[in-house]
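Me: I should like to learn how to read the features of a structure such as the one shown here. Please begin with the general idea each time and then turn to the case itself.

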Amino acid sequence: MNWIILIIAGLFEVLFTSCLGKAKETTGTESYMWYGGFAVACIISMTLLIKATQSLPLGTAYAVWTGIGAVGTVLVGIFFFKDPTNFWRLFFITTLIGSIIGLKAVSH
């Protein structure tokens, strides 16, 4: 169950970084709403990370959380923010995904 909580925490990390990207593209009240979404998603993500680390090793949980956030944020950037994509970006994202799966496989 704690692995599921950790994955959800990582998805909220993707959400809060995506809110930062949208806030950068907007002005005025709309920008503040995106910053509010950032704050809410950040609080949820951190709360779930704290819950997951109560039974998972701290180093593994943090690495998986940041890995999910990094992979998800790069993919959101590619698909929604027109970030550049090339072979090496995709190659290293793939290796990061493999590392996350490896950490899960060797953890208790």
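Reply: A disulfide is a pair of cysteine sulfur atoms within 2.5 Å. The model here is predicted, so local features need pLDDT of at least 70 and side-chain atom pairs count only at pLDDT 80 or more, whereas totals for chains, interfaces and linings use all residues. Residues are numbered from 1 along each chain as its sequence is written, and side-chain values use heavy atoms, with hydrogens and water left out.

Me: How many disulfides does the structure hold?

Reply: The structure holds zero disulfides. For Cys42, the closest cysteine sulfur is that of Cys19, and at 10 Å it is too far for a bond.

Me: Are Cys19 and Cys42 buried or exposed?

Reply: Buried means under 20% relative accessible area, exposed means over 50%, and partly exposed lies in between (1.4 Å probe, protein chains only). Cys19 is buried, at 5% relative accessibility. Cys42 also counts as buried, at 19%.

Me: How should a salt bridge be read, and how many does a search of the whole structure find?

Reply: Side chains of opposite charge can pair when their charged atoms come close. The term salt bridge requires a side-chain nitrogen of Lys or Arg within 4 Å of a carboxyl oxygen of Asp or Glu. The search of the whole structure finds one. Its partners are Lys22 and Glu25, whose closest N and O atoms are 3.7 Å apart.

Me: Where do Lys22 and Glu25 lie with respect to each other?

Reply: Helices (H or I, at least four residues) are DSSP runs, numbered from the N terminus. Lys22 and Glu25 are three residues apart in helix α1 (residues 2-25), so about one helical turn separates them. Lys22 is partly exposed at 29% relative accessibility, and Glu25 is partly exposed at 49%. Helix α1 also contains Thr17, which is partly exposed with a relative accessible area of 23%.

Me: Which residues form a nonpolar patch on the surface?

Reply: Patches are made of residues with over 30% relative accessible area and no salt bridge; like charges are joined within 9 Å, and nonpolar side chains (Val, Leu, Ile, Met, Phe, Trp, Tyr) within 5 Å. Accessible areas come from the Shrake-Rupley method with a 1.4 Å probe, and for residues only the protein chains shown count as cover. Here the nonpolar patch comprises Phe87, Trp88, Phe91 and Phe92, which together have about 490 Å² of accessible area. Trp88 belongs to helix α4 (residues 87-106) and is exposed, with a relative accessible area of 52%.

How values were computed:
Helix = DSSP H or I, 4+ residues; strand = E, 2+ residues; numbered from the N terminus.
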